[in-house]
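Here are a few exercises to help you find your way around a new structure. Try each one on your own, then read the worked solution.

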Amino acid sequence: EYSSRYQVGYEIGEDFNEWVRDHIVEDFVNATVRRSEGKSPLHGAHIDNSRRWAIWYMIERGGEDSRTRFYKLPGHDTEWPLEHRVFNNMDELVEFDSVKWPMKQWFVINTSIIHAITDVHGPRTSIQIGTMDLPFKFK
């Protein structure tokens, strides 16, 4: 087992929600500023339960070496049902990709794939828009 960072979400407000509807996606689960909290350099392996896709805009990466790593659990599908799961034994997982996200640029991740954030050694802040589908506008 390990200690893990966690995210705290802050609502931005209805003006921002309207902007998201007008410019990115009409039907979304949430649109928040997310801040990674805790002292651990690891935000442990998990899948999200409230959204299948997350549209991100990274403001602070959490350190130059911070990466999001994607995993597969042998014997299971790569995508999981939408229910919050934490994978405490990371030794059982097989990493198949890792990404150092771009700064101040929109990108999309599939949050129903097991993922963890490693090497976080500073502030990690992002704007995140959660959605179930990918009908993006990006006007």
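## Exercise 1: A helix and its neighbours

Keep in mind that you are looking at a predicted model. Find helix H1 and work out which strands it lies across.

*Solution.* Start by locating H1 at residues 14–23. Next, look at what it lies across: strand E2 (30–37), E8 and strand E10 (124–131). Finally, compare directions: H1 runs at about 115° to E2.

## Exercise 2: The order of the sheet

Work out the order of the strands in the open sheet, and explain why E1 and E8 each have one side without a neighbour there.

*Solution.* Step one is to read across the sheet, which gives E1-E2-E10-E4-E8, five strands with antiparallel pairing. Step two is to look at the ends of that order: strand E1 (6–11) and strand E8 (106–110) are at the edges, and each has a single partner strand, so one side of each lacks a neighbour in the sheet. Step three is to follow the twist, which averages 35° from one strand to the next.

Now zoom in on one pair. Strand E4 (residues 53–61) is joined to E8 by five bridges, in the antiparallel sense. As a landmark, look for Ala 54, which stands opposite Ile 109 in E8.

## Exercise 3: The enclosed space

Find the largest cavity and say which element gives the most to its lining.

*Solution.* Begin with the count: the structure holds one cavity of 30 Å³ or more. The largest cavity contains about 40 Å³ of space. Then list its lining, which consists of Gln 7, Arg 34, Arg 35, Ser 36, Trp 56, Arg 124, Thr 125, Ser 126 and Gln 128. E2 and E10 are the elements that give two or more residues to this lining, and E10 gives the most, with four. To finish, sort the lining residues by class: one is nonpolar, five are polar and three are charged.

## Exercise 4: The open pocket

Which residues are the closest to the centre of the largest pocket, and which element gives the most to its lining?

*Solution.* First, take the volume of the largest pocket, about 350 Å³. Of the 26 residues lining this pocket, Arg 34, His 43, His 46, Asp 48 and His 84 are the closest to the centre. Next, turn to the elements: E1, E2, strand E3 (43–47) and strand E9 (115–118) each give two or more residues to the lining. E3 gives the most, with four residues. Last, the classes: the lining of the largest pocket has eight nonpolar, 13 polar and five charged residues.

Notes
Residues numbered from 1 in each chain as written. Predicted model: local features only at pLDDT ≥ 70, side-chain atom pairs only at ≥ 80, totals over all residues. Heavy atoms only, no water. Pairing = 2+ DSSP bridges. Axes fitted to C-alpha atoms, helices over the stretch in contact; angles between N-to-C directions. Contact = heavy atoms within 4.5 Å. 1 Å grid on protein atoms, 1.4 Å probe; cavity = no way out; pocket = protein on both sides within 12 Å on 5 of 7 lines; lining within 4 Å. Points joined across faces, edges and corners; volume = space filled by probe spheres on them. Nonpolar A, V, L, I, M, F, W, Y, C, P; charged D, E, K, R; others polar.
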